[in-house]
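Please open the model in your viewer and keep the sequence panel beside it, since each stop on this tour begins with a selection.

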Amino acid sequence: MLRTFVTSALRSVCRQSPAAASLIPLVQRTQRATLMTLSRPCLLPTPSLASPAHHQLLQLPGVLAATGTPSNTRNVTKFSLVKGKRKTVKAVLKRFKRLDWGAWIRTHSGRQKKLFKKSAALRRRLKQHIFTNATQSWLLDKMVTSYWRRPKHFIDDPYKPYHSRNEYYATQSKTFKV
């Protein structure tokens with residue numbers, strides 16, 4: 001499949017560029033190339049492919065993916081191979097915290113970078129957390145298992161005042177009559 005994708009990308013470049021005759025041997029060499037050659041992590045041109053047409057190929061997104069650059073995906077493993085259960089995405093646990101009433105919070109991105117350039121007011125704001133919106137919370141809930149959606153109780157939890165949200169009807173804590 002990978003070889004077919006690269007070949008089709010090269011043929012589309014051949015159709016678009018006027019120097020199609022110089023790319024035909026390149027297409028034939030690519031078809032004969034092994035998967036190891038295609039997954040070379042270095043994007044610098046090799047001596048056999050050092051041509052202006054090759055530099056055009058490096059700018060294609062499909063060819064970059066074929067050269068071994070890992071793509072960023074944080075997908076849920078639908079079924080584990082051992083027990084057949086869903087798996088938690090560990091990146092969610094590193095970056096976000098779930099409050100007891102269902103909201104997720106995160107810190108500002110880049111809050112530790114180049115603080116000498118930032119004003120005191122901005123540095124104060126960067127220390128605060130951000131709530132995710134409803135769509136992001138729903139997505140994050142799907143990315144973790146039910147264990148991480150349950151409330152966790154820690155001693156001296158700094159987030160304790162934020163775990164309850166009694167001013168909103170749907171998240172009010174129930175009062176029990178004795």
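Begin by selecting Tyr147, which is partly exposed at a relative accessible area of 43%; here buried means under 20% relative accessible area, exposed over 50%, and partly exposed in between, with a 1.4 Å probe and protein chains only. Add Trp148, likewise partly exposed, at 33% relative accessibility. This is a predicted model, in which local features need pLDDT of at least 70 and side-chain atom pairs count only at pLDDT 80 or more, while totals for chains, interfaces and linings use all residues. Residues are numbered from 1 along each chain as its sequence is written, and side-chain values use heavy atoms, with hydrogens and water left out.

Next, display the rings. Rings of Phe, Tyr and Trp (its six-membered ring) pair if their centres lie within 6.5 Å, and planes under 30 degrees apart count as stacked, over 60 as edge-to-face and the rest as tilted. By this rule there are three aromatic pairs. One of them joins Phe96 and Trp104, edge-to-face, at 6.5 Å centre to centre with 85° between the planes. Tyr147 and Trp148 form an edge-to-face pair as well, with 4.9 Å between the centres and 85° between the planes. Phe96 is partly exposed at 22% relative accessibility, whereas Trp104 is buried, at 1%.

Now zoom out and colour by secondary structure. The protein has nine helices and three strands, where helices (H or I, at least four residues) and strands (E, at least two) are DSSP runs numbered from the N terminus. Read from the N terminus, the order of elements is α-α-α-α-α-α-β-β-α-β-α-α. Of the 178 residues in the protein, 25% are buried.

Select helix H8, residues 134-143, and pick out Ser137, Leu140, Asp141 and Met143, which are buried. Seen down the axis of H8, these buried residues fall within an arc of 160°, so they line one face of the helix; the arc is that of the directions from the helix axis to the C-beta atoms. Rotate to the other side of H8, where Ala134, Thr135 and Trp138 are exposed. The cover over the buried residues of H8 includes helix H6 (90-95), strand E1 (97-98), strand E2 (104-107) and helix H9 (146-149). At the N-terminal end of H8, Asn133 acts as a cap, with a side-chain oxygen 3.3 Å from the backbone nitrogen of Thr135.

Stay on H8 and centre on Ser137, which is buried at a relative accessible area of 9%. Leaving out residues up to four places away in sequence, Ser137 touches Gly102, Ala103, Trp104 and Thr132, a contact being heavy atoms within 4.5 Å.

Which residues make up the largest nonpolar core? Select Val76, Val89, Ala91, Val92, Trp104, Leu140, Met143 and Val144, the eight residues of that core; a nonpolar core is a set of buried Ala, Val, Leu, Ile, Met, Phe, Trp, Tyr and Cys residues joined through side-chain atoms within 4.5 Å. H6 and H8 each supply at least two residues of this core. Neighbours within four places in sequence aside, Val76 is in contact with Arg86, Lys87, Val89, Lys142 and Met143.

Finish at Asp100, in the loop between E1 and E2, which is partly exposed with a relative accessible area of 29%. Beyond residues up to four places away in sequence, Asp100 touches Pro151, Lys152 and His163. Add Arg165 to the selection: the C-alpha atoms of Asp100 and Arg165 are separated by 9.0 Å, although these residues are 65 apart along the chain.

Definitions and conventions
Polar contact = N/O pair within 3.5 Å; in protein donor to acceptor, adjacent residues only side chain to side chain.
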